[in-house]
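Reader: I'm comfortable at the bench but less so with models on a screen. Could you walk me through how to read a few features?

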Amino acid sequence: MTPLLQNHRSPVQRAPMVSFTFEGEALSAHAGETVLSALIRAVHLYLRDAPEDGAARGAFCCMGLCQECLVLVEGRRVESCRQVVHDGLAVEALKRVPHD
Amino acid sequence: MIDPCDIVILGAGPAGANASLSAARAGARVTLLDEQTQPGGQIWRAKSAAIIKAQPTPESDAGNTLRDCLANSAVTFVGDVRVWQIERTGDIWQVYTVADGQPGKIEAKALILATGAREYVQPIPGWTTPGVIGLAGATALLKHDMTPPGVATVVAGTGPLVFFTASEIRRLGGHVAAIVTPNTRRDWLSVMPAMLSRPDLVRRGLAWIANLTLARVPVLWGHAITRVEGARAVNGVVATKLDASGAPKGKKREIAADSVCLGNGLIPAVEAAQLAGADLRYHPELGGWVPGAMTDGSTKIKGLYICGDGAGIRGAAAAEIQGKLAGMVAANQLGFDLAPDFEALKSAHARAARFGLAMTALSLQKPGDQALTTPETILCRCESLSLARITAEIAKGAESINAIKSGTRAGMGACGGKFCHTAVARMMAASQGVDPADIPPPTARPPLRPVPASVFAEGFDYDDLPISKPAPL
Ligand SMILES: Cc1cc2nc3c(=O)[nH]c(=O)nc-3n(C[C@H](O)[C@@H](O)[C@H](O)COP(=O)(O)OP(=O)(O)OC[C@H]3O[C@@H](n4cnc5c(N)ncnc54)[C@H](O)[C@@H]3O)c2cc1C
Ligand code: FES
């Protein structure tokens, strides 16, 4: 018989925290997790503005295809759903107006 | 340059990884490529380095077993490498790769494509709002990073994935505001006979539903999300009861949430097969356009094999078996002995596919689906093109996806059309009364994946990607 799933948080042991920044704001992440995962935990779902109409966008496919989660790291556009966080990583958003 | 080998395999999911193991066992030199860091594919995606210890699941166990088998085999696995172009000179395949911004090329006598699937999402008002992610995509986040998509999530879509995703979100400490599924209980009853071939999976599914019910998570059967509220962030959704055609006609319900998972089934990822020269045919019961491939993965093209969900959405168990068969037959064609269980595996494939096809049937499109996409709804996310804009192009005489592409740029953006072509084709078929089989996907063009300009060889003149330039018509 399949045991019923536990409805409470099942224990997950995660790597120690490191620091990174998003649009200059200091945030923390578990070493080795994706930028997207760390940003979701920090409730930063709005990552960029669509180039044509400027509408707010965030991650969509979570598998490296849609390019909706693009952010700037060291001047390069990278997919935040694939980019791994390491200590000191500076992540900028592809937004038209700086974040308020 | 990766060493030349007998067989190169693209995709290390259940299909490709098993193909590599069976081909290597036969004696072939095999290289297995994947853009993920580790093998496992979508269903058995490995955890990120940030997860040190977590409760095992059937998916993590199966993935770990597969990764152990590969580590103890003669297969050369190369992860974090993206294939962006496939060519052939004489009898030799050239597979062009990019890894960490650096170009590469690998040559082989045989090519096995096991590229899997991506998801289809029927566009609805507000689906581009940050906080709305794909339903299958959510499972990637849950498996890899073990992070729920938000604080309070509405999980919406077809097939078994809604119940799996909702259960996983809760297990990881997230809150599921509601489950909204276009499927009715009657839809599920109709696929029950086929499901009984896998009592283990039926039991698991019932356990998800029992738990969600015990936890009083509302399940809206026969409903779809018809609007996501909020501009820069999701603040709720409207769910509407569907009529028998799938069109939103009945009572509306507002549900507060900060995140949404949305998906309407899977479509085979066929672009690599197109580049390799495979023909496509339309089989809605397999997820749409699929390359012609036999049970053992062989195709009309010498040295080309296609297996797994990329050859039709038959599910992971069938992908695993078809992968084994493709690895065996590819090695056999190169002169290695055929494994004795080849014929037995062929009949096992039919049994496994029965379950997978029943799951795919829950996501078959219905005529009313189109009514979910209003004229103002963005259809092409990359270029911010609304349904009205595309309808206007059709009114001007555009009759093919290629024509719409050149007229509006739909599908020329960063995703390369992966998230709009199917929606545009389904909309064209419905509005023009045309058989979807008469609206083939556009010609596949490299790059299959975003590639920095520096990587392109002579003869390719794309600007700085991932924002790709228009593909030629
Ligand atoms: C996001 C997602 C989540 C899913 N989750 C589940 C689930 O939880 N349970 C379930 O039963 N089914 C799930 N599925 C269905 C899935 O298709 C399975 O049936 C199964 O994973 C199919 O196995 P496969 O080997 O055919 O393809 P996949 O497992 O999809 O493997 C294909 C592999 O090819 C790689 N690849 C493709 N193109 C390239 C390229 N150009 N360069 C480099 N690598 C490439 C991909 O990274 C991937 O690892 C999911 C599908 C998707 C799209
Ligand atoms: S979310 Fe689609 S590429 Fe990252």
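Author: Happily; let's start with charged pairs. Side chains of opposite charge can pair when their charged atoms come close. In this predicted model, Arg82(B) forms a salt bridge with Glu35(B), and their closest N and O atoms are 2.8 Å apart.

Reader: Which parts of chain B does the pair of Arg82(B) and Glu35(B) tie together?

Author: Arg82(B) sits in strand S5 (residues 82-89) of chain B, while Glu35(B) is in the loop between strand S2 (30-33) and S3 of that chain, so the pair links parts that are 47 residues apart in sequence.

Reader: How many salt bridges does the rule count over all chains?

Author: The count comes to 24 over all chains. Of the interface between chain B and chain A, the rule reports 3 salt bridges. One pair to look up joins the side chains of Glu68(A) and Arg381(B), at 2.6 Å from N to O.

Reader: Which elements of chain B supply residues to the side that touches chain A?

Author: Strands and helices both take part. At least two residues each come from strand S3 (51-54), strand S8 (117-119), strand S9 (132-134), helix H3 (135-144), helix H4 (161-171) and helix H6 (199-214) of chain B. H6(B) gives the largest share of that side, 7 residues.

Reader: And how do I describe the interface as a whole?

Author: Use contacts, buried area and polar pairs together. Here 62 residues of chain B are in contact with 46 residues of chain A. The two chains bury about 4600 Å² between them, with 57% of it on carbon and sulfur atoms. Between chain B and chain A, 15 residue pairs are in polar contact, both residues being at pLDDT 80 or more.

Reader: Can I read an interface inside one chain that way too? Into which domains is chain B divided?

Author: The approach carries over. Chain B is divided into domain 1 (5-118 + 267-360), domain 2 (121-264) and domain 3 (373-438). Take domain 2 and domain 3 of chain B, whose C-alpha centres lie 26 Å apart. In chain B, 6 residues of domain 2 are in contact with 8 residues of domain 3. These two domains of chain B bury about 680 Å² between them, 56% of it on carbon and sulfur atoms.

Reader: Which residues of domain 2 of chain B lose the most area to domain 3 of chain B?

Author: Those are Pro123(B), Trp127(B) and Thr128(B), together 65% of what the domain 2 side buries. The rule finds 0 salt bridges across this interface between domain 2 and domain 3 of chain B, but it does find 4 residue pairs in polar contact there, with both residues at pLDDT 80 or more.

Reader: Now sheets, please. What should I look for?

Author: Begin with the strand order, then see which strands are at the edges. In a regular strand the side chains alternate between the two faces of the sheet. In chain A, 5 strands form an open sheet in the order S3-S2-S8-S6-S7, with mixed pairing. Strand S3 (25-30) and S7 of chain A stand at the edges with a single partner strand each, so one side of each has no neighbour in the sheet. The twist averages 40 degrees from one strand to the next.

Reader: How do I follow the pairing residue by residue?

Author: Trace the bridges. Strand S6 (residues 70-73) and strand S7 (residues 76-79) of chain A run antiparallel and are joined by 4 bridges; there, Val73(A) stands opposite Arg76(A). The hairpin of S6(A) and S7(A) has 2 residues between the strands, and Glu74(A) takes a positive phi near 50 degrees in it. S6(A) is also joined to strand S8 (residues 89-93) of chain A, by 3 bridges in the antiparallel sense, and Val71(A) stands opposite Ala93(A) in S8(A).

Reader: In what order do the strands S13, S14 and S15 of chain B form their open sheet?

Author: The order is S13-S14-S15, and the pairing is antiparallel. Strand S13 (223-229) and strand S15 (248-255) of chain B are the edge strands, each pairing on one side only. Neighbouring strands of this sheet are turned by 25 degrees against each other on average, direction ignored. S13(B) pairs with strand S14 (residues 236-242) of chain B over 6 bridges, and the bridge partner of Glu229(B) in S14(B) is Gly236(B).

Reader: Any backbone details worth a look?

Author: Try two. The peptide bond from Pro446(B) to Pro447(B) is cis, with omega near 5 degrees, and Pro447(B) lies in the segment after helix H12 (421-432) of chain B. Val43(A), a residue other than glycine, has a positive phi near 55 degrees; Val43(A) is placed in the loop between helix H1 (35-41) and strand S4 (48-49) of chain A.

How values were computed. Residues are numbered from 1 along each chain as its sequence is written. Chains are lettered from A and ligands numbered from 1 in the order in which they are written. This is a predicted model: local features need pLDDT of at least 70, side-chain atom pairs count only at pLDDT 80 or more; totals for chains, interfaces and linings use all residues. Side-chain values use heavy atoms; hydrogens and water are left out. Two strands pair if DSSP finds at least two bridges between them. Axes are lines fitted to C-alpha atoms, for helices over the stretch in contact, and angles run from 0 to 180 degrees between N-to-C directions. Domain bounds come from an automatic or database domain assignment. Contact means heavy atoms within 4.5 Å. Buried area is the accessible area (1.4 Å probe) that two parts lose on being put together, summed over both. A salt bridge is a side-chain nitrogen of Lys or Arg within 4 Å of a carboxyl oxygen of Asp or Glu. A polar contact is a pair of N or O atoms within 3.5 Å; within protein, one must be able to donate a hydrogen and the other to accept it, and residues adjacent in sequence count only if both atoms are side-chain atoms.
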